[in-house]
Amino acid sequence: MNGYCGKMLFVDLSTGRHEVQPLEEDLAGQFIGGYGIGAKVLFERMEPGSDPLGPDNIMGFTTGPLTGTGALLSGRYTLVCKSPVTGGWNDANSGGYFGPELKKAGFDAIFIQGASKTPVYLWIHDGEVEIKDAGAIWGKDVIETEEILKSALGEKSLRAAVIGPAGEKLSLMAAVINDGHRAAGRGGCGAVMGAKKLKAVVVRGTQEVPVADPEKLKAVNQEIVDTIKNGPAARIAAAFSTFGTTMMTGASALSGDSPVKNWGGVGIVDYSEEAATRFEGAAMDPRYRVKKYSCAHCPIGCGAIYEVNDGKWPVGETGRPEYETSAAFGCLMLNEDLEALIKCNHICNIYGLDTISAGATVAWAIECYENGILSKADTGGIDLGWGNAEAIVQTTQEMADQSTEFGKTLALGSAGAAQKLGKGAEYLITVKGIELPMHDPRLGPGFTRTYAMDPTPARHVKGGLGLQHMQISDPSKYDPEGKGQADLEATAAQEIINTAGLCLFKNFTGVQNIARKLIPPVTGWHFDAEEERNAGLRIFHMRHAFNLREGMKPGDFPLPKRSVGEPPQTEGPLKGVTVDYKGFNQNFFKAIGWEETTGRPSRSSLEQLGGMEYVIDTLGL
Amino acid sequence: MRITVNFSSLFRTLAGVDQVELEVAGGVTADRLLSLLAQKYPDLPLERDKTFFLLNGQIAKGDQMIREGDQIRLFQLSAGG
């Protein structure tokens, strides 16, 4: 089967056994890869009600048909599991080199169930599978772990998806990190690995992934490169290649795109323009950048490696903070200290924390402290005021290593911490327990539907109208009427980008319909707009069905009032904005055919999509 | 009248300057000013639908008049990270 290894690996850590099963072409065609196949497998194999931190949770490391084929912009892999934060469906993806190496090692996906009694790691090399003792790496940070693994296995070219101490200690913000600084961050997947006592999945391989039409793939790749260099977005693509996601940090902070002061502030009022500019690549790179960083098969290379060897927080070489991190550890907490940002980013990377939830949790704690909800007795003496860089770094460190009671509390995430403390819930900016990302729906109103109604709530990388809306100032974007169908189409298209292993940042390239260009030469399939749409909706419904089976309803995902402008801001670019989030939901539900109160899809719509028989039966549609 | 336009982020990077001073006729609108800037800076992607025009801290409408002393900031946005 072209584009795939044709094999899925199933590992049971409780028994120590593993099994290889074929990936059938029907399944691949219907669910493409990544979290599409992942959702299908987990829905069929996991019992509803399973404890996310128990042995029955199944964790998948999945790739798409483009992964490892040389198709450009396709270096991502996706983790799937049940989230210990939301109690529902979870997926999170990451770039770097792990995904392509997994396929070279012989598998399209690895699914892991059970839990080991002692720390272990998986070593997968050219189709061989070993469960190995992780005693020597348990407790080590992400970078140390990779170094020890390379030395112990005698393999410098291995790739590893690793948890740090945060995952081992079951922090609900724990990420899975690969290549030292690339994170599958959201939803607590690091804690799921930690609960299984699985320190790392390590892969190395030399196998080729078969491609249906290599010459055509080469031609499409060349077209992509030509468009990036000479197309309508060439200047933006060039700037993005240099500065990455920090290209627009300043504008985001000043415009209302970035939330400010735990979503209660206004960028141009509460945050200095100087600081907003200081957190941009253009300002940071001359001081700290030592080299560029590219994920596999990426002609853009939006990453960079920084080096900080002096000052208050020397960290040595470290990944350049991405936009989400810069906003979360910047304007969200009114931090104007650049090296504090770099330090916090580094802490999150090496301990394995999601920088969005980590930054948002610190910002929540600051607001609680400023308003007398938390005292120095709670913080262990930390004077946790807005923008206090030393306090922010110390808090982040304690949250990562859980060396103090305060750190242990914050490691639960903001919602978990508020619940444990029995206070501070009024300042939470979460949906179903997970912190919102750094794009404000008051500027991009379409995000309201995505943040609330994507099966993984609070994600900016999932489909919908938010990404379009935040880029335009036309006030008609705030009217939800007639936008349900466009929301649906954008959602379906993004499902294919994510499941094929493509990168969201194709948005910066000016390349249109990239999945429809790349999937046919790799797989040999006919893959037109209708097939793309149907596969996207099938995948979206499969993830949604997982949550429905857990008993979740649309009403379980209320948005924080600040994020929708209730009440509206009284100054700044978003003055007076209240988002009709109910309208965006209603229009989407109407377009997709879901019942408004229960979120249940119609039987006929799923029959029309095909491949959903088990869902129809299980949900009794 | 003489006005100052501030560039943020991508626009600042592409223009190579933080701000530019322009001499414009009285009664110029936000849209007209954008057209003038597009002529002056052909390398800036100043598409009307994707350019945020912040006038005295508020998002301006295209037909809004510019007055001497107004604070003007132009930028584009995109998501990620």
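**Exercise 1. A small sheet**

Task: In this predicted model, find the open sheet of three strands in chain A; what is its strand order, and which strands stand at the edges?

Solution:
- Start with the order, which is β13-β14-β15 in chain A, with antiparallel pairing.
- Next, look for strands with a single partner: these are β13 (289–293) and β15 (316–319) of chain A, so one side of each has no neighbour in the sheet.
- Finally, follow the twist, which averages 25 degrees from one strand to the next.

**Exercise 2. Joining two strands**

Task: How many bridges join β14 to β15 in chain A, and which residue of β15(A) is the bridge partner of Tyr306(A)?

Solution:
- Strand β14 of chain A covers residues 303–308.
- Four bridges join β14(A) to β15(A), and the two strands run antiparallel.
- Tyr306(A) has Thr318(A) of β15(A) as its bridge partner.
- As background, strands of a sheet pair through backbone hydrogen bonds, either parallel or antiparallel.

**Exercise 3. Helices on the sheet**

Task: Which strands does helix α12 of chain A lie across, and which strands does helix α14 of chain A touch?

Solution:
- Helix α12 (residues 281–288) of chain A lies across β13 and β14 of chain A. The helix runs at about 50 degrees to β14(A).
- Helix α14 (residues 338–351) of chain A packs on the sheet and touches β14 and β15 of chain A. Its direction makes about 80 degrees with that of β15(A).

**Exercise 4. Two crossing helices**

Task: Are α22(A) and α24(A) roughly parallel or roughly perpendicular to each other?

Solution:
- Locate the pair: α22 of chain A spans residues 484–500, and α24 of chain A spans residues 529–549.
- Their axes come within 8 Å and cross at roughly 85 degrees.
- Angles of 65 to 115 degrees count as roughly perpendicular, so α22(A) and α24(A) are roughly perpendicular to each other.
- Now see who makes the contact: α22(A) offers residues including Ala492(A), Ile496(A) and Thr499(A), while α24(A) offers residues including Arg533(A), Leu537(A) and Phe540(A).
- By class, this contact has seven nonpolar, three polar and four charged residues.

**Exercise 5. Where domains meet**

Task: How many residues of domain 1 of chain A are in contact with domain 2 of chain A, and which helix gives the most to that side of domain 1?

Solution:
- Mark the bounds in chain A: domain 1 is 7–204, domain 2 is 244–255 + 260–428, and domain 3 is 447–619.
- The centres of domains 1 and 2 of chain A, taken over C-alpha atoms, are 27 Å apart.
- Count the contact: 32 residues of domain 1 of chain A meet 25 residues of domain 2 of chain A.
- On the domain 1 side, α4 (142–153) and α5 (165–168) of chain A each supply at least two residues. Helix α5(A) gives the most, with three residues.
- By class, that side of domain 1 has 17 nonpolar, twelve polar and three charged residues.

Conventions
Residues numbered from 1 in each chain as written. Chains lettered and ligands numbered in written order. Predicted model: local features only at pLDDT ≥ 70, side-chain atom pairs only at ≥ 80, totals over all residues. Axes fitted to C-alpha atoms, helices over the stretch in contact; angles between N-to-C directions. Parallel < 35°, antiparallel > 145°, perpendicular 65-115°, else oblique. Contact = placed C-beta atoms within 7 Å. Nonpolar A, V, L, I, M, F, W, Y, C, P; charged D, E, K, R; others polar. Pairing = 2+ DSSP bridges. Domains from an automatic or database assignment.
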